[in-house]
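Got your viewer open and a cartoon view ready? Let's take a walk through this model, one selection at a time.

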Amino acid sequence: MRLWVRARWRHHQLIVNPRSPVLVVGSLGLDTLKTPFGEAHEILGGTTSYFSLAARMYTDVRVVAVVGHDFPQEYRDLLESGSVDLRGLQVTEGKTFRWSGQYRFDMNVAETLDTQLNVFADFHPRLPEDYRRTQYVFLANIHPALQLEVLEQVQQPKLVVADSMNLWIDTAKPTLTEVLRRADVVLLNDGEVRQYAGSANLIAGGRAILDLGPRAVVIKKGEHGALLISRDDGVFVAPAFPQDEVRDPTGAGDSFAGGFVGYLASRDDVSSEAIRRAIIHGCAVASFTVEDFGVRRLAEVTSRELLARYSVFRSLTQFVDEQVTADSRSEGRQKIR
Ligand code: AMP
């Protein structure tokens, strides 16, 4: 049965080059969520679950994380039923990581109600030997010291993408700065960029991070899409898919990252053009995640739905210029002179 599901997923993958898997290191846990549209108790959460379920639509995913023995088998099965490789998952004595959050009217802002690190408190990422050669690496939001431990173990990756959160900007900024220096692409949300750079202006804040060394900074702006500030490609702006019902925004950022890194790995392409397309893939995948609680919607997205949504993005920003006749053009030129 398991094999059949795996085969079906391979068929659905948007893979061109399945030899470029992605490695993700981050949290895996149980979330309790409250939004104006309902509540969910101890459902599958953590940064790696959202990332993996998004990235598996593009390529094979290798997970490094930790859970306790109380982590439900059904969630493990869900992840393994795709192309998600859990050989790097440590199962240790103790309770699984738990996070509880709520969103009020402004669904762009998550309010943390409770964080129980549990087995995550003593976690040190240990990469299986063959994971160390993974070319595409996503350092999901974990303590920056652990992100550095991952970088010590990988061998010459082609692309390192790093995420973080307000907690580490507050408590571990020098270590986080070292991570940002060593990343190729930094993924942060707008509030985090402002907080890190101490700048109200996102472009200035993004450029300050770029000055540390990464090739690009991608700023996630929730319902307002994403902004790329790049060393070799200037500024690129992507809208968010106009959703009229956002039920739970948890995991939007991590599934954006899954679409973004997953796409680049599947094409084995880190060119500026590919990075722009990857941002649109990230926005498209994230737009499904927010339609329902937890990973419920994300886990069911088909490649047909994903490609249809991807193509909507082109029309969101396309516009036709006014017809300018030869006469009016020369008239305009005379006026300008
Ligand atoms: P986001 O994509 O930013 O909405 O990420 C949501 C996920 O981050 C949730 O599933 C949480 O379990 C996870 N999370 C929240 N706080 C932390 C933390 N301090 N460390 C690691 N993961 C966290």
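Start by selecting the nine strands that make up an open sheet: going across, their order is E5-E4-E1-E8-E9-E10-E11-E12-E13, and the pairing is mixed. Keep in mind that this is a predicted model. Which strands sit at the edges of this sheet? Colour strand E5 (84-92) and strand E13 (234-238), since each of these edge strands pairs on one side only. Now look along the sheet: on average, neighbouring strands are turned by 15° against each other, with direction ignored.

Zoom in on the E13 edge next. Select strand E12 (residues 226-230) together with E13; the two run antiparallel and are joined by five bridges. To find one bridge pair, click Leu 228, whose partner in E13 is Phe 236.

Stay here and add helix H8 (residues 202-210) to your selection. H8 packs on this sheet, where it touches strand E10 (185-189), strand E11 (216-220), E12 and E13. Compare directions as you rotate: H8 makes an angle of about 45° with E12.

Time for another sheet. Select E3, E2, E6 and E7, which form an open sheet of four strands in the order E3-E2-E6-E7, again with mixed pairing. At its edges you'll find strand E3 (38-45) and strand E7 (111-116), each pairing on one side only. The twist from one strand to the next averages 15°.

Now pick out strand E2 (residues 29-35) and E3: six bridges join them, and they run antiparallel. Click Leu 33, and then jump to Ala 40, its bridge partner in E3. Which helix packs on this sheet, touching E2 and E3? That's H2, and its direction makes about 80° with that of E3.

Last stop: the ligand. Show it as sticks and bring up the 16 residues that surround it; the closest are Ser 27, Asp 31, Gly 46, Gly 251 and Asp 254. Sort that shell by type and you get six nonpolar, eight polar and two charged residues.

Turn to the oxygen atoms of the ligand and check a few distances:

- Gly 46: a polar backbone atom is 2.8 Å from a ligand oxygen.
- Gly 253: a backbone N or O atom lies 3.3 Å from a ligand oxygen.
- Asp 254: an N or O atom in the side chain is 2.7 Å from a ligand oxygen.

How much of the ligand does the protein cover? Switch on a surface: on its own the ligand has 510 Å² of accessible area, and the protein covers 85% of that. To see where the shell comes from, highlight helix H2 (47-55), strand E6 (97-102) and helix H9 (252-267), the elements that give two or more residues to it. H9 supplies the largest share, with three residues.

Notes
Residues are numbered from 1 along each chain as its sequence is written. This is a predicted model: local features need pLDDT of at least 70, side-chain atom pairs count only at pLDDT 80 or more; totals for chains, interfaces and linings use all residues. Side-chain values use heavy atoms; hydrogens and water are left out. A residue is near a molecule or strand if one of its heavy atoms lies within 4 Å of it. A polar contact is a pair of N or O atoms within 3.5 Å; within protein, one must be able to donate a hydrogen and the other to accept it, and residues adjacent in sequence count only if both atoms are side-chain atoms. Accessible areas come from the Shrake-Rupley method with a 1.4 Å probe; for residues, only the protein chains shown count as cover. Ala, Val, Leu, Ile, Met, Phe, Trp, Tyr, Cys and Pro count as nonpolar, Asp, Glu, Lys and Arg as charged, and the others, Gly among them, as polar. Two strands pair if DSSP finds at least two bridges between them. Axes are lines fitted to C-alpha atoms, for helices over the stretch in contact, and angles run from 0 to 180 degrees between N-to-C directions. Contact means heavy atoms within 4.5 Å.
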